[in-house]
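Dear colleague,

Please find below the structure I am handing over to you. My notes on what was found in it follow directly after.

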Amino acid sequence: MHAMSRSAFLAVVRASAAYDLLLTAPFATPWTFAFLHARLSAVNQSLGGHALPDFGPFHVLFACLMGSIVLVWSVLRLRAASVLLGRYDGVGRFLFSFWMAWTLAATGAPLLWLFLVPEFCWGVVQWLPVA
């Protein structure tokens with residue numbers, strides 16, 4: 001397998017960070033998450049799934065914690081991209097992918113494919129060999 005150049009790899013790390021920043025920003029506050037949850041529920045229904053379950057305060061807390069830490073992690077990778085951070089991010093994406101696949105198997109929610117496929121692909125790309 002041909003190794004990716006270091007500069008190309010760092011561009012991937014930054015691109016994945018920008019993707020995360022845009023995708024997870026609405027998870028960071030209870031107000032933005034409420035708006036996002038309604039949109040995600042509508043998308044899931046338009047794909048043939050059911051409405052997403054309502055979230056109580058504890059569910060929202062964990063969504064906002066996840067959104068907040070991913071925002072911080074994204075800014076770190078944008079400002080200080082490195083091969084090491086890309087590798088760690090790849091591991092995190094494989095973990096996220098595993099739990100998304102587990103939830104997909106448990107619920108059949110088609111919405112999850114929209115998150116699972118890119119998440120897994122970002123993980124794979126960040127584990128490619130670097131020259």
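**The nonpolar cores**

Leaving aside residues up to four places away in sequence, Phe115 touches three residues: Leu23, Leu40 and Met100. Please keep in mind throughout that this is a predicted model.

Phe115 is also one of the residues with the most contacts inside the largest nonpolar core, a group that further includes Phe27, Phe33, Leu36 and Leu40. This core has 14 residues. At least two of its residues are supplied by each of four helices: H2 (30-46), H3 (57-79), H4 (83-107) and H5 (111-125). Helix H5 gives the most, with four residues. Another core, of eight residues, lies apart from this one, and Leu10, Ala81, Val83 and Trp122 are among its members.

**The overall fold**

How many helices and how many strands does the protein have? There are five helices and zero strands, and the pattern along the sequence is accordingly written α-α-α-α-α. Taken along the principal axes, the C-alpha atoms fill a box of roughly 45 × 30 × 20 Å. The protein has 131 residues, and 36% of them are buried. If one considers contacts between residues at least 6 apart in sequence, 74% of these join residues at least 24 apart.

**Helix H4**

Does the length of helix H4 agree or disagree with the span expected from its number of residues? Helix H4 has 25 residues and, at 1.5 Å a residue, should span 36 Å. The C-alpha atoms at its ends are 35 Å apart, which agrees with that expectation.

The buried residues of H4 are Val83, Leu85, Gly86, Arg87, Asp89, Gly90, Arg93, Ser97, Met100 and Leu104. Their cover includes helix H1 (6-24), together with H3 and H5. Just after H4 comes Gly108, which takes a positive phi of about 70°.

Ser97 is a residue of H4 that you may wish to look at in detail. Its relative accessibility is 4%, and buried means under 20%, so Ser97 counts as buried. A polar atom of the Ser97 side chain lies 2.8 Å from the backbone oxygen of Arg93. Not counting residues up to four places away in sequence, Ser97 touches Leu116, Glu119 and Phe120.

**Aromatic rings**

A pair of aromatic rings is described by the distance of the centres and the angle of the planes. Searching the whole structure gives six aromatic pairs. One of them joins Phe27 and Phe33: their ring centres are 5.7 Å apart, the angle between the planes is 40°, and the pair is tilted. Both Phe27 and Phe33 are buried.

How do the rings of Trp99 and Trp102 compare, and what is the angle of their planes? Their centres are 6.2 Å apart and their planes stand at 80°; pairs over 60 degrees count as edge-to-face, so this pair is edge-to-face. Trp99 and Trp102 are three residues apart in helix H4, so about one helical turn separates them. Trp102 has a relative accessibility of 54%, which is over the 50% cut-off, and therefore counts as exposed.

Ring pairs also link Phe27, Phe33 and Phe55 into a cluster.

Two arginine residues lie over aromatic rings. The charged end of Arg39 sits over the ring of Phe35, at 4.5 Å from its centre. Arg87 lies over the face of Trp127, with 5.1 Å to the ring centre.

**Arg6 and Val130**

Arg6 lies in helix H1, while Val130 is found in the segment after H5. Is Arg6 buried, partly exposed or exposed? Arg6 has a relative accessible area of 47% and is therefore partly exposed. Val130, at 24% relative accessibility, also counts as partly exposed.

Which residues does Val130 touch, if those up to four places away in sequence are not counted? They are Ala3, Met4, Ser5, Arg6, Phe9, Val83 and Arg87. Counted in the same way, the contacts of Arg6 are Val83, Val130 and Ala131.

Finally, two distances set separation along the chain beside separation in space. Val130 and Leu10 are 120 residues apart along the chain, and 9.8 Å separates their C-alpha atoms. Arg6 and Pro110 are 104 residues apart in sequence, and from C-alpha to C-alpha they are 36 Å apart in space.

Yours sincerely

Methods. Residues are numbered from 1 along each chain as its sequence is written. Side-chain values use heavy atoms; hydrogens and water are left out. A nonpolar core is a set of buried Ala, Val, Leu, Ile, Met, Phe, Trp, Tyr and Cys residues joined through side-chain atoms within 4.5 Å. Buried means under 20% relative accessible area, exposed over 50%, partly exposed in between (1.4 Å probe, protein chains only). Contact means heavy atoms within 4.5 Å. The expected span of a helix is 1.5 Å times one less than its number of residues. A polar contact is a pair of N or O atoms within 3.5 Å; within protein, one must be able to donate a hydrogen and the other to accept it, and residues adjacent in sequence count only if both atoms are side-chain atoms. Rings of Phe, Tyr and Trp (its six-membered ring) pair if their centres lie within 6.5 Å; planes under 30 degrees apart count as stacked, over 60 as edge-to-face and the rest as tilted. A charge sits over a ring if NZ of Lys or CZ of Arg is within 6 Å of the ring centre and within 35 degrees of the ring normal.
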